[in-house]
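User: I'm new to this one, so could you take me through a single part of it slowly? I'd like a close look at the salt bridges, please.

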Amino acid sequence: MPAFIVMMTAYLLFDKMMSNEEKKRKHELTGNSINTIVSIRLRAYERIMLLLERTNPGSMLVHLIKPGMTNIELQTKLLEHIRLEFEHNFSQQIYVSDSLWRAVSITRENLTKLINATASQFNPDEPATKLAESIIRIYAESENNPTEVAIAMLKQETRNQFINQA
C-alpha cells in the first residue's frame, strides 16, 4: 500500500509537470504566431504604402518621363507602370481589410481614368510634358484624391493593428 501511494503521488506530480509544460509550449507558440502575423501584416502595410507612393502621379512622372517622349508613349508607360505595381502587390490584399483594399483598387481605377481622360485631350504625337503637367495639375486640384484617401485609411488601419496587439 505505501508503494502504491508513492507511485500515485509521483504519477500525479509528473502529470501536473507535463501539463504545465504543455501549456507553456502552447503559450510560446501562440505568442510566436502572433508576432509572425504582426510582422507579415506590417510588411504588407509597408508594401501597400510603397505601391500608393509609386503610383502617385507626381512620383510616376518624375521616374517615367523621358526627353522626346510623346503623349501616347507617356500614357502607355504610365498605365503599364500602374498595372505592374498593382500586379506585383496583389497578394497583399489577404493581409489587410477589405475596405482598405477597396480603397487601393479605387485608387488604381481613378488613376487609370485620369490618365486616359487627360490623354484624350491632347494630340498623341505632342510632347509628353503637356500631358504630364495636366495630370499633375488635375490630380493636385482634386479634393480627396484617391491616393490620399487610401494612405489615410492605411495609416489608420496600421495604427489600429498595433493598438489591438498591445
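Analyst: Let's start with a term: a helix here is a DSSP run of H or I with at least four residues, and helices are numbered from the N terminus. Keep in mind that this is a predicted model.

With that in hand, take helix α5. Glu 141 and Arg 137 sit four residues apart in that helix, so about one helical turn separates them. Their side chains meet in a salt bridge, at 3.9 Å from N to O. That fits the cut-off, because a salt bridge needs a side-chain nitrogen of Lys or Arg within 4 Å of a carboxyl oxygen of Asp or Glu. As for the surroundings, Glu 141 is exposed, at 56% relative accessible area, while Arg 137 is partly exposed, at 44%.

This bridge has company: the structure holds five of them. One of the others pairs Glu 87 with Arg 83, whose closest N and O atoms are 3.2 Å apart. These two are in helix α3, again four residues apart and so about one helical turn from each other. Glu 87 is partly exposed at 47% relative accessibility, and Arg 83 is partly exposed too, at 34%.

Now hop over to helix α1, where Glu 22 and Lys 26 are four residues apart, which means about one helical turn lies between them. Their side chains form a salt bridge at 3.6 Å, N to O. Here Glu 22 counts as partly exposed, with 41% relative accessibility, whereas Lys 26 is exposed, at 52%.

Conventions. Residues are numbered from 1 along each chain as its sequence is written. This is a predicted model: local features need pLDDT of at least 70, side-chain atom pairs count only at pLDDT 80 or more; totals for chains, interfaces and linings use all residues. Side-chain values use heavy atoms; hydrogens and water are left out. Buried means under 20% relative accessible area, exposed over 50%, partly exposed in between (1.4 Å probe, protein chains only).
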